[in-house]
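User: I should like to learn how charged pairs and nonpolar cores are read from a structural model. Please take me through one example.

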Amino acid sequence: MTTNIPQLTQLAAWQALEAHYSKIRELHLRKLFADDPQRGIRMTVEAAGIYLDYSKHRITDETLRLLLQLTEESGLRARIDAMFQGEKINVTEKRAVLHVALRTPKGQSIVVDGEDVVPQVHTVLDKMADFSTRVRSGVWKGHTGKPIRNIINIGIGGSDLGPVMAYEALRQYSQRDLTFRFISNIDGTDFAEATRDLDAAETLFIISSKTFTTLETMTNAHTARDWTLKTLKEAAAVARHFVAVSTNAGEVGRFGIDTANMFEFWDWVGGRYSMNSAIGLSTRIAIGPDNFRALLDGAHQMDEHFRTAPFERNLPVLMGLLGIWYNNFFGAETLAVLPYEQYLKRFPAYLQQLTMESNGKRIMLDGTEVKYQTGPIYWGEPGTNGQHSFYQLIHQGTKLIPCDFIGFVQSLNSLGRHHDLLMANMLAQAEALAFGKTPQEALAESIPAWLVPHRCFEGNRPSSVILLERLTPAALGKLVALYEHSVFTQGAIWSIDSFDQWGVELGKALAARIIPELEKGSNCQLMHDSSTNTLIERYNRSSE
């Protein structure tokens, strides 16, 4: 157990921020920009190919100074160094946290328990490259001699959200004569719809489960095996149509998978941080080894920026601090992530796990309860779709919702004016949120007086604009690492463990208890609360 953690709310910087907030909480962005014509130039940072404009935030230079002071007093630098040095900063599981090792180049060294893990990483990466090349080229054949044309990843949580997001984000770079699908939900509909139109003789399943015991994943895996053997008949077919991403060679072998086709990862890789590991095998098959290496290189560039850049010019640190400013002082409970790029349609869903499973904690590293708010709710949809959905609430609702707008200068699919219209909308939304429309401006537009209150926009709604040149594999790697380290920054300042996830365990344990109570012919005595008992009885009566 970690001891002697300073009380965050007792730190001088925190108390100064509280006093500062009370002075500037009503200060409007209109005034901030009017008083400082260079604000939109000055409050920007560009690093690793990402341009961050944070000028439309309700902050002053003094706000930034105090937030940076908070990083010093809470020991953020030491926590960053500890992570990159392989120390066991996941204290409840006594593990190192080294997703950064997954993208560390050959020749560099990160030591865990006296062993350099970088060579291990590259051994697996090389094995992935070889396998993906064989599948992509048609050299890898199914049981009947047909080449593989369909790849289905079966996983859940980080073993699904990362691969799905990466495939959708990089679909432009994927091999188009291959079909990629993803099964995660234990709901049978997910499996049925993913396989309905496929030929088992041309289908490869990637079973992604570290322990090879995850309920949802293994239920779907066994269904996949039954589906395959229904067509191919012979048990030997499993070895040609299934590979595993796991560490449990015994269970992998018992399933019928050749353990030579088991791709390893390590306990210092958390599920939601694992898309750059063997969990990314489907991504590597889709986009090829060279593009996958570019993805890793992009993430590594952001790792190095985070590790070395001064905090006042450090992209993940600044984003993390802005999140703390709104979460802990303004009382904002959510953050909207709004990519103006259709290929990033699954990016907000990916970030939901990354951010909320990491920082949805109420217990500090020393085992005591926090005295302040921790992880906000992340959500979002691509623009411009969201503009015709929930932007009404962001603009004129009663809740303060900071926004991250993500855009690209160049489109991957240039069609007439489409991209200019897309980006015009993104820039306009950030401007409208910041400055709004006053009653005077509404009247000047000849809006009837009775309608003016409805047509005014308060403004003063904060946002960041994150701008990149083009959505490439490297760019995606940078974006993912940017948010990973922003989450880490917040968790370090809040003194919580961003790398465990005990909150998912209780529901799993209770489900294991209920499963036999729902089986046909069950005579189990129900020992739950009256609500759960009644629901189980009703389900059993209706399913007879």
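User: Is Glu168 buried or exposed?

Analyst: Please bear in mind that this is a predicted model. Glu168 has a relative accessible area of 15%, and it counts as buried because that value is under the 20% cut-off.

User: How should one read a charged side chain in such a position?

Analyst: The general idea is that side chains of opposite charge can pair when their charged atoms come close. In this structure, the side chain of Glu168 forms a salt bridge with that of Arg171, at 3.0 Å from N to O. The side chain of Glu168 also meets that of Lys345 in a salt bridge, at 3.9 Å from N to O.

User: Which parts of the chain does the pair of Glu168 and Lys345 tie together?

Analyst: Glu168 belongs to helix α7 (residues 158-169), while Lys345 sits in the loop between β10 (334-339) and α14 (347-359), so the salt bridge joins parts that are 177 residues apart in sequence.

User: How accessible are the partners, Arg171 and Lys345?

Analyst: Arg171 is partly exposed, at 29% relative accessibility. Lys345 is likewise partly exposed, with a value of 38%.

User: How many salt bridges does the structure hold?

Analyst: There are 23 salt bridges. One of them links the side chains of Arg196 and Glu193, at 3.0 Å from N to O. Here Arg196 is exposed, at 58% relative accessibility, and Glu193 is partly exposed, at 47%. Salt bridges may also be read as a network, as with Asp36, Arg42 and Asp61.

User: How are the nonpolar side chains to be read?

Analyst: In soluble globular proteins, nonpolar side chains tend to be buried together. The largest nonpolar core in this model has 125 residues, and the members that touch the most others are Trp268, Trp325, Phe347, Ile406, Ile466, Leu476 and Tyr483. Helix α19 (residues 473-494) supplies the largest share of this core, namely 12 residues.

User: Which residues does Phe347 touch?

Analyst: Leaving aside residues up to four places away in sequence, Phe347 touches Met165, Val337, Ile406, Leu479, Val480 and Tyr483. Apart from the largest core, there is a second, separate core of 21 residues, with Ala194, Leu198, Met218 and Trp227 among them.

Technical notes: Residues numbered from 1 in each chain as written. Predicted model: local features only at pLDDT ≥ 70, side-chain atom pairs only at ≥ 80, totals over all residues. Heavy atoms only, no water. Salt bridge = Lys/Arg side-chain N within 4 Å of Asp/Glu carboxyl O. Buried < 20%, exposed > 50% of the residue type's maximum accessible area, 1.4 Å probe, protein only. Helix = DSSP H or I, 4+ residues; strand = E, 2+ residues; numbered from the N terminus. Core = buried A, V, L, I, M, F, W, Y, C linked by side-chain atoms within 4.5 Å. Contact = heavy atoms within 4.5 Å.
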